[in-house]
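I opened this notebook to keep track of what I looked up. The entries follow the order of my own curiosity.

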Amino acid sequence: MASIFTKILDGDIPGTFVYEDDRCAAFMDITPMTDGHVLVIPREEIDHWLDMPEDLTAHLMAVAQKIGKAQKKAFSCERVGVMIQGFEVPHVHIHVWPTNSIDDFRLDNKHGSTEAEDIAAAAEKIKAALA
């Protein structure tokens, strides 16, 4: 059975993409830790990041860094957080989000907007900063 992320990649479930290439994609998290929270995922369904080929891991981290630089520019944040944990979806995903406080790393303290318009607006800011 396809993961929810594969369904997003396939267009079966809507996603707000900020980056795509032949190996991975990056789209907005619908329950963001902060506004501008992005997930970077491989196109291939791989459950655990330790199981990824080394070159794919390097590629995903390079894309995460590119996204992070765009977030820093777009949101004028102090830092950009990165996390790989993977309990909620069995498909590797790197969380990348703008942050100004250590509190932004608490999973029980999400305070980004879940409104579709706000997520779309944050995506546009990131895409503009990527350009």
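What follows is a set of short entries on the record, the core, the spaces and a few single residues.

**Ground rules**

I am working with a predicted model, where local features need pLDDT of at least 70, side-chain atom pairs count only at pLDDT 80 or more, and totals for chains, interfaces and linings use all residues. Residues are numbered from 1 along each chain as its sequence is written, and side-chain values use heavy atoms, with hydrogens and water left out.

**What the record says**

I checked UniProt. An unreviewed entry there carries the annotation "domain: HIT" over residues 4-107. Positions are given in the numbering used here, feature names are shortened, and annotations may be inferred rather than shown by experiment. I then looked at that stretch in the model. Residues 4-107 are 27% helix and 24% strand. The C-alpha atoms at the two ends of this stretch are 20 Å apart. For helices and strands I use DSSP runs, numbered from the N terminus: H or I of at least four residues for a helix, E of at least two for a strand.

The unreviewed entry also has an "active site" annotation, on His93. I found His93 in the loop between β4 and β5. Is His93 buried or exposed? His93 is buried, because its relative accessible area is 2%. My scale is: buried under 20% relative accessible area, exposed over 50%, partly exposed in between, with a 1.4 Å probe and protein chains only. Not counting residues up to four places away in sequence, His93 touches Phe5, Leu39, Val40, Ile41, Met83, Ile84, Gly86 and Glu88. Contact here means heavy atoms within 4.5 Å.

**The core**

Next I looked up the nonpolar cores. Such a core is a set of buried Ala, Val, Leu, Ile, Met, Phe, Trp, Tyr and Cys residues joined through side-chain atoms within 4.5 Å. The largest one has 25 residues. Which of them touch the most other members? I noted Val18, Met28, Val38, Val40, Leu60 and Ile67. Two or more residues each come from β1 (17-20), β2 (24-28), β3 (38-42), α2 (54-75), β5 (94-99) and α3 (116-130). The largest share, 8 residues, is from α2. Apart from this core lies another, of 9 residues, including Ile8, Ala25, Phe27 and Val89.

I followed Met28 further. Leaving aside neighbours within four places in sequence, Met28 contacts Thr16, Val18, Gly36, His37, Val38, Ile119, Ala122, Ala123 and Ile126. That list led me to Ala122, which sits in helix α3. Ala122 counts as buried because its relative accessibility is 5%. With the same kind of neighbours left aside, Ala122 is in contact with Met28, Gly36 and Phe75.

**The spaces**

I looked for gaps on a 1 Å grid over the protein atoms alone. A cavity is a set of points where a 1.4 Å probe fits but cannot get out. A pocket is an open set with protein on both sides within 12 Å along at least five of seven lines, and lining residues have an atom within 4 Å of a point. Points are joined across faces, edges and corners, and a volume is the space filled by probe spheres set on them.

The largest pocket holds about 300 Å³. Of its 19 lining residues, Phe5, Asp29, Ile30, Thr31 and Leu39 are the closest to its centre. Helix α1 (4-9) gives the most to this lining, with 3 residues. The lining divides into 11 nonpolar, 5 polar and 3 charged residues. In this split, Ala, Val, Leu, Ile, Met, Phe, Trp, Tyr, Cys and Pro are nonpolar, Asp, Glu, Lys and Arg charged, and the others, Gly among them, polar.

I counted 1 cavity of 30 Å³ or more. The largest cavity has about 40 Å³ of space. Met28 and Ala122 turn up again among its lining residues, along with Asp29, His37 and Ser113. Here α3 gives the most, with 3 residues.

**Single residues**

Thr34 is in the loop between β2 and β3. Thr34 counts as buried because its relative accessibility is 7%. Beyond four places in sequence, Thr34 touches Trp97, Pro98, Asp104, His111 and Gly112.

My last stop was Ser76, in the loop between α2 and β4 (79-83). Its phi is near 45 degrees, a positive value in a residue other than glycine. Most residues other than glycine have a negative phi. Ser76 is exposed, because its relative accessible area is 62%.
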